[in-house]
Amino acid sequence: RFPILAKILTDFDQAWVTSVLPELITDKSEALAYQTDARRMLARFHERRDPDADVLALERSFAIPLKDPESGTIHEITGRIDRIDRLPGGGFRIIDYKTSRTLLAEDTVRANLQLALYHLAVQHMWPTLAKPRAPVEVALSFVRHSEIIAVRLPASQLARTKKEILDTIREIETSDFPARSSQRCAMSPNYLACPYFKDQFRTEKPKIKGEHDKKYNIVISFG
């Protein structure tokens, strides 16, 4: 059962107080404006929600192996999907929520790498979804505008997505990325693993024995 609006707003206000956002936004009036804007979007979403939607999963985590045909290395791609619905006529819809002020064009949504990866993840979790009898849609839900843009991706695009991810991994493996500090560092859940914080005074990174012999070499996260 979908909770009433009053509970949603109360839970949000409690989460807002305990989050890091109020600390990061030093101007109290600006922080209040962000909070008010978020409450407005929640109320709008609650008002225009589909009460008959068949929601299969919320915040669904995934981890899929992706093998590099050139090196034989298996990389692990992880992430979290906001929502997965079952469509009335059969099939499934993968939804990613957006709070941006700009409503993207359908072609831009269709070319979205993140959505294509989510499609691959759902196919990995439930292989039967790859069959034509259960088509899969990917969608961006713009909560500020109460609009959902949904598209279907051809198999050729999913193949290109795998290639793009592998090309990116190869580039990461052969490139040097010195750590650089910015205001966004404090918002990253991985900042403690960052060399800027952990090894900023070390001139040479110690080599871990056997680190290149691991089955899963690189982990890329989406969500």
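**Close-ups of a predicted 223-residue chain**

**View 1. The whole chain.** Of the 223 residues here, 30% are buried (under 20% relative accessible area with a 1.4 Å probe, counting protein chains only). This is a predicted model, so to speak: local features need pLDDT of at least 70, side-chain atom pairs count only at pLDDT 80 or more, and totals for chains, interfaces and linings use all residues. Numbering starts from 1 along each chain as its sequence is written, and side-chain values use heavy atoms, with hydrogens and water left out. You'll find seven helices and six strands, taken as DSSP runs (H or I, at least four residues, for helices; E, at least two, for strands) and numbered from the N terminus. Going along the sequence, the order is α-α-α-β-β-β-α-α-β-β-α-α-β.

**View 2. Helix 5 against helix 6.** Helix 5 (residues 113-125) packs on helix 6 (residues 155-174) at about 105°, with the axes 10 Å apart; axes are lines fitted to C-alpha atoms over the stretch in contact, and angles run from 0 to 180 degrees between N-to-C directions. That makes helix 5 and helix 6 roughly perpendicular (65 to 115 degrees). The contact (heavy atoms within 4.5 Å) involves, among others, Leu-113, Leu-117 and Leu-120 of helix 5 and Leu-158 and Ile-165 of helix 6.

**View 3. Leu-21 in helix 2.** Leu-21 sits in helix 2 (residues 21-24). Its relative accessibility is 32%, so Leu-21 counts as partly exposed (from 20% to 50%).

Note on methods. Parallel < 35°, antiparallel > 145°, perpendicular 65-115°, else oblique.
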